[in-house]
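Trainee: Before we label anything in this model, could you take me through how each label is earned, setting the value against the cut-off every time?

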Amino acid sequence: MAANGASCEQPQKRAGAKDKQNGKSADSSIRERRQKDKEERLSLVLWRRPVTTLHYFLLETLIKLKDLTLKLWQRRGIVFLFLVLCSLFSIAYSTEGAHQQYVQYLEKKFLWCAYWVGLGILSSVGLGTGLHTFLLYLGPHIASVTLAAYECGSTDFPEPPYPDQIVCPQGGAVESSISLFSIMSKVRLEACMWGAGTAIGELPPYFMARAARQSGADPDDEDYEEFEEMLEQAEGAQDFVTRAKLGVQHMVQKVGFFGILACASIPNPLFDLAGITCGHFLVPFWTFFGATLIGKAIIKMHIQKLFVIITFSKHIVEQMVSLIGSVPKVGPALQKPFSQYLEAQRNKLHHAGGSAPADENWLSWVFEKVVLVMVCYFVISIVNSMAQSYAKRLQQQRHSEEKTK
């Protein structure tokens, strides 16, 4: 009997070991296949395969437009109400009357806010890479307003949207009346709108992870796959980046609203992981978005704004220029274009109307070209990302057909 029992147990153990080996081999084959598919997608870029990339980009664009049309049709009541409101505003806009001053005021404010919200979304949502709109647009805008306030001795120049150049008021106030708080209040609207745009740009990772968790289906996003792998390998993590990601994940999961608020209130390149974590653990939408909006549009925005204003205050700028000139050998050569640039800005600020001076130095020319290169790189990254997204659709379709055979 004992011998028979032992003989019965041995095949069972062998079968269990064989199942484990088969499971491991299946997992390894799936990982190899995913890695191969990922490498194939990443090779789909404009500078390697331009024709195929553009072709896939156009097909993915058509698919996105089709999906958007279907979603709008499902919410046709809201779309109809929006169209009615647009029609009423169009009628009010084209009809003459005393209300035109209010219509024009609302139009300027709306376009100004929409501009900065859009730049904030571009900086946050990425689509493969983020356009650093704070460094390219909002930071220089705050710096120019700061320089104008100290140079004009007042913040009474026109309210936004500004003209091409900020014009000093006639007979500016004394310089001692300029304070950090007066400059901060001058740029508060555009700064908060930009921060709100960055908060809106954090929503796609949240909704993606939430939908994947609720449906139980395999997610289509590689960041979510990396997140799940990180959770599985959390105990053995040793490198700094993984431990930083785990720190963000634990803070958001355990502290909740205030954890999200803390992560959103400081410059944090890992905040996308916070959105994925909140979606994965089904954190309520308003808890996530409310904390993100307060952190990015109010707390972090005021910190960044204060830093730029202090950096570009008149006395600090003069000290920076003098320090540049004190650098041996290359200092005077670098000091000259900076001094010319600041002098040109002062001349523009004191030029009340008419045509501004046309003198430009190589510093402003370089900045314009850097902005142009960054925008072009962002557009190219969108084309590559959408082409790779369509390639992933084809790979998933191919794998599903192989399973059904």
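Mentor: We will go from the whole chain to its salt bridges, then to one residue in a helix and a patch on the surface.

Mentor: Keep in mind that this is a predicted model. The secondary structure of the chain comes to 16 helices and zero strands, and of its 405 residues 32% count as buried. The chain exposes about 25300 Å², of which carbon and sulfur atoms supply 63%.

Trainee: How many salt bridges does the structure hold?

Mentor: It holds three salt bridges. One of them joins Glu60 and Lys64.

Trainee: Why is the contact between Glu60 and Lys64 called a salt bridge?

Mentor: The closest N and O atoms of Glu60 and Lys64 are 3.8 Å apart, and the definition asks for a side-chain nitrogen of Lys or Arg within 4 Å of a carboxyl oxygen of Asp or Glu, so the pair qualifies. The two residues are four apart in helix α2 (residues 50-74), which means that they are separated by about one helical turn.

Trainee: What makes Glu60 buried and Lys64 partly exposed?

Mentor: Glu60 has a relative accessible area of 0%, and buried means under 20%, so the term applies to Glu60. Lys64 has 42%, which lies between the 20% limit for buried and the 50% above which a residue is exposed, so Lys64 is partly exposed.

Trainee: Which residue besides Lys64 forms a salt bridge with Glu60, and how do you know that it qualifies?

Mentor: Arg393 does, with the closest N and O atoms 2.9 Å apart, and the limit is 4 Å, so this pair also counts as a salt bridge. The pair links distant parts of the chain, with Arg393 in helix α16 (residues 362-404) and Glu60 in helix α2, 333 residues apart. Arg393 is at 31% relative accessibility and therefore counts as partly exposed. Glu60, Lys64 and Arg393 are thus linked in a network of salt bridges.

Trainee: Where in the chain are the partners Lys296 and Glu202, and are they buried or exposed?

Mentor: The side chains of Lys296 and Glu202 meet in a salt bridge at 3.8 Å, N to O. Lys296 lies in helix α13 (residues 285-311) and Glu202 in the loop between α7 and α8 (203-215), 94 residues apart, and the pair links distant parts of the chain. Both residues are buried.

Trainee: Why is Thr198 called buried, and what does it touch?

Mentor: Thr198, found in helix α7 (residues 188-201), is at 4% relative accessibility, and the limit is under 20%, so Thr198 counts as buried. Not counting residues up to four places away in sequence, Thr198 touches Gly120, Ile121, Ser124 and Lys296. The C-alpha atoms of Thr198 and Trp116 are separated by 9.9 Å, although these residues are 82 apart along the chain.

Trainee: What makes Arg31 exposed, and which surface patch does it help to form?

Mentor: Arg31 has a relative accessible area of 55%, and exposed means over 50%, so the term fits Arg31. Arg31 lies in helix α1, and together with Arg33, Arg34 and Lys403 it forms a positive surface patch. Helix α1 (residues 2-42) gives the most to that patch, with three residues.

Definitions and conventions: Residues numbered from 1 in each chain as written. Predicted model: local features only at pLDDT ≥ 70, side-chain atom pairs only at ≥ 80, totals over all residues. Heavy atoms only, no water. Patch = residues over 30% accessible without salt bridge, like charges linked within 9 Å, V, L, I, M, F, W, Y side chains within 5 Å. Areas by Shrake-Rupley, 256 points an atom, 1.4 Å probe, with all protein chains shown as cover. Lys, Arg positive; Asp, Glu negative; His and termini not counted. Charge placed at Lys NZ, Arg CZ, Asp CG, Glu CD. Buried < 20%, exposed > 50% of the residue type's maximum accessible area, 1.4 Å probe, protein only. Contact = heavy atoms within 4.5 Å.
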